[in-house]
Amino acid sequence: MKVKFLNSDGRELQEFKPIENGKVGLYCCGPTVYNYAHIGNMRPYTFEDVLRRTLEYAGYEVNHVMNVTDVGHLTDDGDEGEDKMIKSAREQGMSVWDIAEFFTKAFFHDTERLNINIPHHVCKATEHIDEMISMVKTLEDKGFTYTSGGNVYFDTAKFPEYGKMAGLDKQELQHGARTVVDTNKKNPQDFVLWFTKSKFENQAMTWNSPWGVGYPGWHIECSAMSSKYLGPHFDIHCGGIDHIPVHHTNEIAQSEAANGCKWVNYWLHNEFVIMKNGKMSKSKGGFLTVQDLVDKGYDAMDYRYFLLAGHYRSQLIFTWESLDAARTAREGLLKKTAQLKAEGVPVDPRDFSEAAEKVLKDFQDHISQDLNTPRCLADIWSCLKSNDISSGEKLGLLLDMDRILGLNLAEAELKEDLSGEALDSEIEAMIQQRQEARKNKDFALSDRIRDDLLARGIQIVDSPEGPKWKKN
Ligand code: AMP
Ligand code: ZN
């Protein structure tokens, strides 16, 4: 299967050609762990999961790397504003280290609920300070930096290609420069590689460096960590569309300046999920999390289906009605799959009839055209409606397609009516205890209790009226 992507670098649909035969180096900008991820934040990780599954389906061995920004990230991408981690630590009355650990756990709890595969390398910024210092040193040795007001800056005037991927010329960048001007900078688009003069008192996370005690700029972490795990030149880099003009532009400049070669071949960016009344913002608050959806009685996987129903490069408007539609569709799909499973065994794709082969080919064409997941979902439904495809083939098709879509169809089971079963007091107490654990955000405990109940043959299903249950 040949895969094509719309490369943000050049803005055209290009056939994917790996640097090394059969292998893919994939870097994805990860979360900043000072708060819960909102449902918009989960879009990049979901589309990157589909991307990775598609590449694996196409036969590539993927090395998937993602950073976790657990060191100071300012409230503004361009070096202005307040440190997000410190702000959050102050508000929550916790240390910055505890904040980072707590929200990193919460993030991976959400990815698990959305059936997102964990990257092969999850690298924390705080564990790669030496690599960042070494890259800043290289940039300094090569003459790409200057020190001003105690901070080390990247001198964008020394990198003529600055802004090329973003399609920004210097003129535009000047225009787009922020009104708050850092007087230490020679050019408004220059950015900090290493801070020693923190604007914030009691900066908790600091390290020794050749330029004094301080902490790294945000952009350098992705450049240093991707080089460590994927080398100086790799295949694909992903992130949200907001990263194009500043974060990814700066990552490219410092990586190519330090490594002396082209850095990334394909750039894939997802558009935003927005609310009807506008943007979602993690730093400004007032957003929905995956847990909010679960608390309202949805399964987190309903949200995965909702995301798949839009193309990752199109803006998606979140409404409860559209989430309802996603839930109905996903539940219908699970029910259909369970019925097919009850009817017999899946036919292997190698033994497909012409009609089944045609559906599979359509699906593969759609996913390989820049990950057209909405068309792929339509393929699934047309397969289910077809009179020319046998039940065994339908099941074979669904399971094969689900290797990419990740809707957990293999686990679909026919459900009994959930009401009217008798509970013994021990199980009732356990369910109560799980509710308490969830209220206290102790996900490890709540998951353990759920697993204990499962081991006793009791399945809990969250609903708006509270947890319901059934005996397996
Ligand atoms: P952050 O944790 O704030 O660094 O954001 C994590 C990822 O979410 C980044 O790749 C952002 O580009 C992306 N992102 C932020 N807001 C949204 C949104 N509303 N919809 C889709 N992606 C988003
Ligand atoms: Zn990044």
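## Helix packing, a zinc site and a few odd residues

User: In this predicted model, at roughly what angle do the axes of helix H9 (residues 300–308) and helix H10 (residues 320–343) cross?
Analyst: The axes of H9 and H10 come within 8 Å. Angles of 65 to 115 degrees count as roughly perpendicular. H9 and H10 are therefore roughly perpendicular to each other, and the crossing angle of their axes is roughly 105 degrees.

User: How many charged residues are in the contact of H9 with H10?
Analyst: From H9 come Met301, Asp302, Tyr303, Tyr305 and Phe306. H10 brings Ser322, Leu323, Ala326, Arg327, Ala329, Arg330 and Leu333. Sorted by class, the contact of H9 with H10 has 8 nonpolar residues and 1 polar, and the charged ones number 3.

User: What about helix H11 (residues 354–368) and helix H13 (residues 391–405): are they roughly parallel or roughly perpendicular?
Analyst: Their axes come within 10 Å and cross at roughly 10 degrees. Angles under 35 degrees count as roughly parallel. So the word for H11 relative to H13 is roughly parallel.

User: How many polar residues does the contact of H11 with H13 have?
Analyst: On the H11 side you'll find Ala356, Val359, Leu360, Phe363 and Ile367. They meet Glu393, Leu397, Asp400, Met401, Ile404 and Leu405 in H13. By class, the contact of H11 with H13 has 9 nonpolar and 2 charged residues, and the polar count is none.

User: On to the metal. Which residues coordinate the zinc ion (ligand 2)?
Analyst: Look for donor atoms at 2.1 to 2.2 Å from the zinc ion (ligand 2). In sequence the donor residues are spaced C-x192-C-x24-H-x3-E. Going by residue and atom, they are Cys29 (SG), Cys222 (SG), His247 (NE2) and Glu251 (OE).

User: Is the site of the zinc ion (ligand 2) tetrahedral or irregular?
Analyst: The angles among its 4 donor atoms run from 72 to 130 degrees. To count as tetrahedral, four donors need all angles between 85 and 135 degrees. With that spread, the site of the zinc ion (ligand 2) is irregular.

User: How many residues apart in sequence are the parts that the pair Cys222 and Glu251 ties together?
Analyst: Cys222 is buried, and Glu251 is too. Both coordinate the zinc ion (ligand 2). Cys222 lies in helix H6 (residues 218–230) and Glu251 in helix H7 (residues 244–259), so the pair ties together parts whose separation in sequence is 29 residues.

User: Ser226 also sits in helix H6; which residues is Ser226 in contact with, leaving aside neighbours within four places in sequence?
Analyst: Ser226 is buried, with a relative accessible area of 0%. Its C-alpha atom is separated by 8.6 Å from that of Asn67, 159 residues apart along the chain. Setting aside neighbours within four places in sequence, the contacts of Ser226 are Tyr27, Gly231, Phe234 and Trp263.

User: Is Leu371 buried or exposed?
Analyst: Leu371 is found in the loop between H11 and helix H12 (373–385). Phi of Leu371 is near 55 degrees, a positive value in a residue other than glycine. With a relative accessible area of 2%, Leu371 is buried.

User: Phi of Asn115 is positive too; where is Asn115 found?
Analyst: The phi value of Asn115 is near 55 degrees, and the residue is other than glycine. As for its place in the chain, Asn115 is in the loop between helix H3 (96–113) and strand E5 (121–124).

User: And what share of the chain is buried?
Analyst: The chain has 15 helices and 15 strands. Of its 472 residues, the buried share is 54%.

Key:
Residues numbered from 1 in each chain as written. Chains lettered and ligands numbered in written order. Predicted model: local features only at pLDDT ≥ 70, side-chain atom pairs only at ≥ 80, totals over all residues. Heavy atoms only, no water. Donors = N, O, S within 2.8 Å, 3.2 Å for Na, K, Ca; no water. Tetrahedral: all angles 85-135°; square planar, octahedral: opposite > 155°, others 65-115°. Helix = DSSP H or I, 4+ residues; strand = E, 2+ residues; numbered from the N terminus. Buried < 20%, exposed > 50% of the residue type's maximum accessible area, 1.4 Å probe, protein only. Axes fitted to C-alpha atoms, helices over the stretch in contact; angles between N-to-C directions. Parallel < 35°, antiparallel > 145°, perpendicular 65-115°, else oblique. Contact = heavy atoms within 4.5 Å. Nonpolar A, V, L, I, M, F, W, Y, C, P; charged D, E, K, R; others polar.
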